[in-house]
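Let's take a walk through this structure together, one region at a time. Keep the sequence and the 3D view side by side as you read.

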Amino acid sequence: MGLNPLVADGVLAVDAGNSKTDVALVAADGTVLGTARGGGFQPQIVGTEAAVEVIARIVERAADAAGLSPRPGEPLVRHVSACLANADLPVEEQQLELAVHARGWGVGTRVANDTFALLRAGVDGPRGVAVVCGAGINCAGMLPDGRTARFPAIGHLSGDWGGGAGLADEALWWAARAEDGRGGATALAAALPTHFGLTSMYALIEAVHLGRIAVSRKHELTPVLFATAQDGDPVARAIVERQAEEIVVMATVALRRLGLLDEETDVVLGGGVLAARHPLLMDSVTALLAAAAPKAVPKVVTSPPVLGAALLGLDRTGAAAEAHARLRAHYASVGSVS
């Protein structure tokens, strides 16, 4: 039996993050036939097969939304384009690609780190560099000939600094030292515990250590850090400035690796920390990037990354420019590039 004519040359796009997964079924002409959203993709916690099963349930719902009924042994689409969190190393991409392809959804399958979805969502073709600063930080670049630039992006072990979790930890470190006298004064020492209704850093440290405040709630302190920096606190401002430096150095290195430093090139910025457009951070990133890579063109992308995964899929199937435009138009009301 042949492929369903609706998606005979179409794409199954997957953008799977730690907290949520988006799936879209896209026809060859760029028409979005069905979408669905579900839980996060965490193979490092639940194992590869269980993580892919989460995707499978969302694919079923997207197919239902498209009015399709997948039949056993018959591919759903021509190509599966899956951009996945925790696919940080090429060997992890290869392992996950085998697991996703084994589900039989597409004739062909390509798995990439989810940073590539952000990048493709923000550029008109497969060329540019993206930095995502969300819970963590990552950077990727690509060229039309298939060459890429990337980093392991697995935390302190691979030389990373920043993202929402890193910023919160840094703010807590400076605030704790300010309160007990090991460090200089900072308004963070009062602002951080106040956020949780506490009166001291000692009380906050105790509450987190003993589990009265979940460690996962530390991310709530990132906006407090930015607000404190905006009010002029020198310690908070220094943390924000360091984050800007880390964003720019990743982008600059990726541009250099791809030979793009001397060419006008989009640098796509995304993730929760950057999408929030904190003035101090954005002004610093813009100024530092202009000095390090004068021809780089920074742009913040808030379009859903599943758009980028779908565009990568259309690239692989050789879809016409009109298909790319139709797909972008569909998501225009969902997010934006500026």
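A good place to begin is a helix and its surroundings. The buried residues of α8 are covered by several other helices, including α5 (163-180), α6 (188-195), α9 (234-257), α10 (272-275) and α11 (279-292). Please bear in mind that what you are looking at is a predicted model. Helix α8 itself spans residues 221-230, and seven of its ten residues are buried, so the helix is mostly covered. If you would like to pick those seven out in your viewer, select L221, T222, V224, L225, F226, T228 and A229. Following α8 you come to G232, whose phi is positive, near 105°.

Phi angles are worth a short detour. Most residues other than glycine have a negative phi. Two residues here are not glycine and still have a positive phi. R277 is one of them, with a value of about 55°. Its place is the loop between α10 and α11, two of the helices that help to cover the buried residues of α8. With a relative accessible area of 37%, R277 is partly exposed. N86 is another such residue, and its phi is about 70°. You will find N86 in the loop between β4 and α3, where it is buried, at a relative accessible area of 18%.

Stay in that loop for a moment, since D88 also sits between β4 and α3. Is D88 buried or exposed? At 14% relative accessible area, D88 falls under the 20% cut-off and therefore counts as buried. What is the nearest side chain of opposite charge to D88? That is R150, 6.4 Å away, and D88 has no salt bridge. A salt bridge would need a side-chain nitrogen within 4 Å of a carboxyl oxygen, so this pair does not qualify. Leaving aside residues up to four places away in sequence, D88 touches N113, N138, R150, F151, P152, A153 and I154. Another way to place D88 is by its distance to F116: the two are 28 residues apart in sequence, and their C-alpha atoms are 11 Å apart in space.

Now let's turn to charged pairs that do meet. How many salt bridges does a search of the whole structure find? The search finds 16. One of them joins D9 to R78, with the closest N and O atoms 3.4 Å apart. D9 lies in the segment before β1 (11-16) and R78 lies in strand β4, so this salt bridge ties together parts that are 69 residues apart in sequence. Both partners are partly exposed: D9 has a relative accessible area of 44%, and R78 has one of 34%.

E263 and R127 form another salt bridge, and here the closest N and O atoms are 2.7 Å apart. Because E263 lies in the loop between α9 and β9 (265-270), while R127 lies in the loop between α4 (115-122) and β6 (128-133), the pair ties together parts that are 136 residues apart in sequence. E263 is partly exposed, at 38% relative accessible area, as is R127, at 26%. Elsewhere, E49, E53, R57 and R103 are linked in a network of salt bridges.

R110 and E97 also form a salt bridge, with 3.9 Å between the closest N and O atoms. This pair links strand β5, which holds R110, to helix α3, which holds E97, across 13 residues of sequence. R110 is partly exposed, with a relative accessible area of 38%, and E97 is partly exposed at 24%.

R110 leads us to the final stop, the second largest pocket. Which residues lie nearest the centre of this pocket? They are R110, A112, T148, L312 and R316, out of 23 lining residues. The elements that give two or more residues to the lining are β4 (77-84), α3 (90-101), β5 (106-113), β8 (148-150) and α12 (305-317). By class, the lining comprises eleven nonpolar, five polar and seven charged residues. The space in this pocket comes to about 510 Å³.

Key. Residues numbered from 1 in each chain as written. Predicted model: local features only at pLDDT ≥ 70, side-chain atom pairs only at ≥ 80, totals over all residues. Heavy atoms only, no water. 1 Å grid on protein atoms, 1.4 Å probe; cavity = no way out; pocket = protein on both sides within 12 Å on 5 of 7 lines; lining within 4 Å. Points joined across faces, edges and corners; volume = space filled by probe spheres on them. Helix = DSSP H or I, 4+ residues; strand = E, 2+ residues; numbered from the N terminus. Nonpolar A, V, L, I, M, F, W, Y, C, P; charged D, E, K, R; others polar. Buried < 20%, exposed > 50% of the residue type's maximum accessible area, 1.4 Å probe, protein only. Lys, Arg positive; Asp, Glu negative; His and termini not counted. Contact = heavy atoms within 4.5 Å.
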